[in-house]
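I opened the two-chain file today to look up how the chains meet. My notes follow the order in which I checked things.

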Protein chains: 2
Amino acid sequence: MSEYLPGLAGVPATKSNISNIDGEKGILTYRGYPLEQLAANSSFEETTLLLLDGELPSAHSLTEFDTQLRSNRVVKYHVRELMKNLPATGHPMDMLQTAVASLGMFYPGNEYLTSGGSGGDLDYVHNMTVKIIARMATIVAMWQYIRNGYDPIAPRSDLTYAENFLYMLNGQEPDKLLAKILDVCLILHAEHTINASTFSVLVTSSTLASPYNVVAGAIGTLSGPLHGGANQKVVEMLTEIGSADKAEEYIDSRLKQKKVIWGMGHREYKTKDPRAKILQRLVQDLVSARGNSVNPMFEVAKVVEDICEDRLAKKGVYANVDFYSGILYTEMGIPTDQFTAIFAVARATGWLAHWREQLKDNRIFRPTQVYIGHSARTYIPIDQR
Amino acid sequence: MSEYLPGLAGVPATKSNISNIDGEKGILTYRGYPLEQLAANSSFEETTLLLLDGELPSAHSLTEFDTQLRSNRVVKYHVRELMKNLPATGHPMDMLQTAVASLGMFYPGNEYLTSGGSGGDLDYVHNMTVKIIARMATIVAMWQYIRNGYDPIAPRSDLTYAENFLYMLNGQEPDKLLAKILDVCLILHAEHTINASTFSVLVTSSTLASPYNVVAGAIGTLSGPLHGGANQKVVEMLTEIGSADKAEEYIDSRLKQKKVIWGMGHREYKTKDPRAKILQRLVQDLVSARGNSVNPMFEVAKVVEDICEDRLAKKGVYANVDFYSGILYTEMGIPTDQFTAIFAVARATGWLAHWREQLKDNRIFRPTQVYIGHSARTYIPIDQR
C-alpha cells in the first residue's frame, strides 16, 4: 500500500495531455501553447476547441463549432420556470448546479457510454459538450434577470460567446473592450490541470455518469471558498480593508492569526501565477481606458500584494488567479456573487475535455482508506446502553 | 512522485474511522459493528446516528434525533413547483441531484465552515445533516407522484423513516413486513468506505463547499452505471435473460465478449459481498411471506449466480450488493428507475458522516497528473494553419 498523503498532494491521479504547469517558472500551457499566446491571439471559442480536440482548429472547423455554440444558447422554458422557483437570495453557484443537473433530464443518453466499449458514442459526447458549454453562459446571465424579478432576455446568435453573455447580463450590447476583456478572462479560466473541481470531474466520469451529472458535481466542488469561491472572498477582503494605508495592519493581523489571505498562494506555483499577471494588466488597461487614473480597490490590492510578497515570497506564496479577477469583474460592473459562476462557465471547457479524456481510458476511482476506527465489537441493545 | 495507479487502486485517500471492509472474510463493519448485527437489531434511524456520531445512541438521543428527522420531512412548495418543471421522462437520479442542489439555495450558511477554523459551526453541520437526510426520502417519493401528473402527498410524522417513504411513494400505509425490509435495505446501503461517490464527497467537501453541493455531487457520481446505477442494470439484464434455462448461454456469450456481468465483482471483496447474502435472504423471506413458492426473476438470478460462481469465483468475482437489491425492490413494487435513488437516500447518511470527518482535518484535494501531452509550442495564426 502506498503512503497516505493528505489531499493526495504529489500523487498522480491520471495521465493527461490537456494542460501543463511549470510551477517554478510560472508557465501554464494548454495543449502545449503558452497561456500568454492564447490570451493575446486566440478567442474563447478557439481555445475551447483546442482544449477539446488537442489542436488549433482550421478556419472551417472553428466556424462550424462556433455556429453550433451560437445555435445552442436557448434553454427550454421549463428550465427558465424552474429557475423562477429558486430563491433570489440564493447563491448563483447553487443555482448553476441546480440548472445544469436539471438539463440532464431533458437530454438523456449516457447509456451510449456503456454500450460501445470504452469510448462511448462520439456524436453524443460532442453534442452534449456543445449543449453544456453554450447553455451555461445563458443560464448564468438569465439568473441576473430572474433573481431581480424580470423575465430573462433571449440570447442573440449574431454575437460572440463573450459579447452575448454581457448582452444577456446587462440588456445592452457591450462595449467592445469589455467583451474583449471578458473573452480573455474566459480563456484564462478555461483549464488548469487536476485541481479539486477537475478531479471531481474524473471521479464522477469514472462511473459513466452523464456529463450533466459530471459538470453539476464539478460546479459544487468549484463553489467552495478554498477553490473558485476565492475570487469573491478577495473582493470582500479588499472591501473590508477599505484603504491602502490600512492594508499592512490587516494583513499582519491575519497572518498572526494564521488566517488565509484570499487570493494568495497556490500549491502548483512557486512564483506569481501567470494568470494573475495577465489579469493585473487587464485591470490596468480597463482603468486607463476609462480615463480614471485610480481605481480604489485596485490600489488597495497592489499594496496588499506588495506586503504579501514581502512577508510570504520566501515561502513561495504569491498572488494567484483569484487575486485580480474579482477586481476586474467589479470594474466591469459584474455583481460580486456572480464571479465564481463566470469562472464555472469558462472552466466547463476544461471539465468537458477531461471528461472526454477519462472516457477514453476509464477505470472507476476507488482509492483506499487508512482505517483508524474501532476493531470489531458487539451490538448492545438500547436498554443496556 | 508516487507511482501512477489508475483509479487510485490501493492508494489511501483519507484516514477514516467510519466503516471498514475485510475483503477476504467478507466482513463489513460500521463504527466497528458488523453489518449483520445492525441489520438484525438496529433501525435505519439508529444506524444513521451511529454512523454520524461514532457510538450507538442512548434511548434519549435516538428519540431526539428521530423527532428532528420526522419534523424535517416537508419541503418548501418552491421545491415542489421546481420539480413539476422537470420532464417526467427524466431519470430520478438527475431529479434528485437537481432538487438537492436547489435546497442549498434555501439554506445558506456554509460561510460558517470557513469562519471557525477547521471544524466549522457545529449547529450548522448538525442541522444541515438532519435536513438533507430527512428531505431526500421525501423528494424521491414525491417524484413518483409528480412525474405521473399528480400533486405529491404530504409526509406523516407518526411513521418511521422507512414507513413514511413507502407511504409517500404508494399513497397508503405500508405492510409492516415491507417497511421492515426497506429499513434493513437502508441500513445495508448506508455506508461502504471510500467508493467513488463517497470519494467525490471528500473531494467536494475539501473546498468547503456546502453540504448540498457535496451531496448533489455524490448523487451524480452514484448515478453512473458502474456504481449505483448497477442495481437497475441487473434487473434489466435478468429481464433480458427471461428464464433460467437461457442464463448459461447469455452469461457465456457476455463473458466471451468481455462485457460486464451486472452485479458481479467488487474491488474490495474476494468473496461474496456480505450485503448480497442478507439481501438474498430478504428476497427469500418476502417471496415466502407472500405464499409464492417461486419468483421468476429470483429463480433466474440464482442460476446466474451459480453460473458466475463456476466461471468467475477463481478470479475472486462474486455477487455484490447490486445483484439482489433490484430483485427485492421489484418484488416490493418499486419502479426500476427508482432503485438507485433509494440507494442514494440511504447513502446520504454515509456521505454526510464522511463530510463531517473531512471537515475535522481538512486539506483540499489536489493530486498531480502524469503529463503526456505536447511540449511547449508556438501559436499559429488561423490563416497559416
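Which residue is the bridge partner of A:V370 in β1(B)? I looked it up and found B:K15. I note here that the model is predicted.

I then widened the view to the two strands. Strand β5 of chain A covers residues 368-371, and strand β1 of chain B covers residues 12-16. I found four bridges joining them, and the strands run parallel.

Next I took the totals for the interface. I listed 107 residues of chain A and 108 residues of chain B in the contact. The buried area between the chains came out at about 9400 Å², with 59% of that from carbon and sulfur atoms. On the side of chain B, I noted B:M105, B:R366 and B:Y379 as the residues that lose the most area to chain A; together they make up 10% of what that side buries.

I turned to the polar and charged pairs. I have six salt bridges across the interface of chain A and chain B. One of them joins the side chains of B:R385 and A:E46, with N to O at 2.8 Å. For polar contacts I have 60 residue pairs across the interface, with both residues at pLDDT 80 or more.

Last, I asked what the side of chain B that touches chain A is made of. Helix α5 of chain B (residues 92-106) supplies the largest share, nine residues. By residue class, I recorded 47 nonpolar, 47 polar and 14 charged on that side.

How values were computed. Residues are numbered from 1 along each chain as its sequence is written. Chains are lettered from A and ligands numbered from 1 in the order in which they are written. This is a predicted model: local features need pLDDT of at least 70, side-chain atom pairs count only at pLDDT 80 or more; totals for chains, interfaces and linings use all residues. Side-chain values use heavy atoms; hydrogens and water are left out. Contact means heavy atoms within 4.5 Å. Buried area is the accessible area (1.4 Å probe) that two parts lose on being put together, summed over both. A salt bridge is a side-chain nitrogen of Lys or Arg within 4 Å of a carboxyl oxygen of Asp or Glu. A polar contact is a pair of N or O atoms within 3.5 Å; within protein, one must be able to donate a hydrogen and the other to accept it, and residues adjacent in sequence count only if both atoms are side-chain atoms. Ala, Val, Leu, Ile, Met, Phe, Trp, Tyr, Cys and Pro count as nonpolar, Asp, Glu, Lys and Arg as charged, and the others, Gly among them, as polar. Two strands pair if DSSP finds at least two bridges between them.
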